[in-house]
Amino acid sequence: MKPILLQGHERSITQIKYNREGDLLFSVAKDPVRDTKNVLTGSADNSCRLWDCQTGKQLALLNTSSAVRTCGFDFSGNIIMFSTDKQMGYQCFLNFFDLRDPQQIDDNQPYLTIPCSEHKITSAVWGPLGEFVIAGHENGEINQFSAKSGEVLKKVKEHSRQINDIQTSVDLTMFITASKDNSAKLFDSASLDHIKTFKTERPVNSAAISPIMDHVVMGGGQEAMEVTTTSTRIGKFEARFFHAAYEEEFGRVKGHFGPINCVAFHPDGKSYSSGGEDGYTRIHYFDPQYFDFELEA
């Protein structure tokens, strides 16, 4: 499968995401370029911003005391959450704003703020029905935070190192984590029960669940700071495909000249994209054989 290469950034890509319809693909990177109705972005410039997708106009600016690590809309599109980094003497906070109340935005006052003083949040997603947020932490812990009360509903620790990425299944019943401990893990969203583990020999920066197949894709390679000291052959900069039930790897796709920082399946499951430290977004359409493939147990 020959990929489509998109180069709109000058520096490494940190996140890519499809909209629900699958007709738009958003990418963000470590350069000053910022690329469904609204888009929510969080940045190391100590801000979370709401944008009009069609015009590119900034609709809201929420200033923070430290870098914004992760952000997202709930399923209704009315509530946003974002977490801030633990840095410059400030602790990590998970903030919630209701976009239906303009006063919250004007005053920069969230309706709920949850302090995370021990271990900062490194990735977070909304759970089913917008009742809670699933957050991964720098120590490998996963917490469910109530979006109403802020209390910790459930807590598990299946990873030994930092969680780099969390992505949900299309029906939000499951989620997959990518970790510096060289593994990705599948969990039940409601109970946080650990379901499956996918092991590699390198840190995993991102992982995604196919919406139509029992497959997961993982990307990583190594720490960005170590890239200049490692050849591309040794760095293992491939997207790796695993069977979600059997935990077996069945395929790899090469292409990036550096670690893969983010991966995402298209909502129709017929393609996937990856964003790398090399500044490229690669869109791969699956060959017909992919859909007929069956792993022998």
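**Notes on rings, charges and a surface patch**

1. A good place to start is Tyr285, which is found in strand β25, residues 281–285. This is a predicted model, so please read the points below with that in mind. Tyr285 is partly exposed, with a relative accessible area of 44%. Together with Ile4 and Leu6, Tyr285 makes a nonpolar surface patch of about 260 Å². Residues need over 30% relative accessible area to enter such a patch, and the 44% of Tyr285 is given above.

2. Pro3 is worth a look next. Pro3 sits in the segment before β1 (4–6). At 22% relative accessibility, Pro3 counts as partly exposed. Leaving aside residues up to four places away in sequence, Pro3 touches Arg282, Ile283 and His284. Strand β25 covers residues 281–285, so if you have Tyr285 on screen, you can follow that strand to these contacts of Pro3. For a distance check, the C-alpha atoms of Pro3 and Tyr18 are separated by 17 Å, and the two residues are 15 apart along the chain.

3. How many aromatic pairs does the structure hold? The count is 16 aromatic pairs. One of them joins Phe241 and Tyr272 edge-to-face, at 5.2 Å centre to centre and with 80° between the planes. Phe241 lies in strand β21 (residues 239–243) and Tyr272 in strand β24 (residues 271–276), so this pair ties together parts that are 31 residues apart in sequence. Are Phe241 and Tyr272 buried or exposed? Phe241 is buried, with a relative accessible area of 3%, and Tyr272 is buried as well, at 1%.

4. Why is the pair of Phe250 and Phe293 called stacked? The ring centres lie 4.9 Å apart and the planes meet at 25°, so the pair is stacked; the cut-off for this label is under 30 degrees. This pair also links distant parts of the chain: Phe250 is in strand β22 (residues 249–253) and Phe293 is in the segment after α3 (288–292), 43 residues apart. Phe250 is partly exposed, with a relative accessible area of 23%. Phe293 is partly exposed too, at 33%.

5. These two pairs belong to a wider picture. Ring pairs link Phe241, Phe250, Phe265, Tyr272, Phe286, Tyr290, Phe291 and Phe293 into a cluster. Within that cluster, Tyr272 is buried at 1% relative accessibility, whereas Phe293 is partly exposed at 33%.

6. One ring has a charged neighbour. Arg20 lies over the face of Phe75, at 4.0 Å from the ring centre.

7. On to the charged pairs. Side chains of opposite charge can pair when their charged atoms come close. The count here comes to eight salt bridges. One of them is between Arg49 and Asp45, at 3.6 Å from N to O. Arg49 is buried, with a relative accessible area of 18%, whereas Asp45 is partly exposed at 37%. The 18% of Arg49 counts as buried because the limit is under 20%.

8. Asp85 and Arg69 also meet in a salt bridge, at 3.2 Å from N to O. The pair links distant parts of the chain, 16 residues apart: Asp85 is in the loop between β8 (79–84) and β9 (92–98), and Arg69 is in strand β7 (residues 68–73). Asp85 is buried, with a relative accessible area of 7%, while Arg69 is partly exposed at 38%.

9. Which residues does Lys120 touch? Not counting residues up to four places away in sequence, Lys120 touches Arg69, Asp85, Lys86, Cys92, Gly136, His137 and Glu138. Both partners of the salt bridge in the previous point, Asp85 and Arg69, appear among these contacts. Lys120 itself is in the loop between β10 (112–116) and β11 (121–126), and is buried, with a relative accessible area of 13%.

10. Last, a salt bridge within reach of the ring cluster for anyone browsing by residue number. Glu249 and Arg252 meet at 2.5 Å from N to O. Glu249 is partly exposed, with a relative accessible area of 27%, and Arg252 is partly exposed at 42%. Both take part in a network of salt bridges that links Glu201, Glu238, Arg240, Glu249 and Arg252. Strand β22 covers residues 249–253 and holds Phe250 of the stacked pair.

Notes. Residues numbered from 1 in each chain as written. Predicted model: local features only at pLDDT ≥ 70, side-chain atom pairs only at ≥ 80, totals over all residues. Heavy atoms only, no water. Patch = residues over 30% accessible without salt bridge, like charges linked within 9 Å, V, L, I, M, F, W, Y side chains within 5 Å. Areas by Shrake-Rupley, 256 points an atom, 1.4 Å probe, with all protein chains shown as cover. Salt bridge = Lys/Arg side-chain N within 4 Å of Asp/Glu carboxyl O. Helix = DSSP H or I, 4+ residues; strand = E, 2+ residues; numbered from the N terminus. Buried < 20%, exposed > 50% of the residue type's maximum accessible area, 1.4 Å probe, protein only. Phe/Tyr/Trp six-rings, centres within 6.5 Å; stacked < 30°, edge-to-face > 60°. Lys NZ or Arg CZ within 6 Å of the ring centre and 35° of its normal. Contact = heavy atoms within 4.5 Å.
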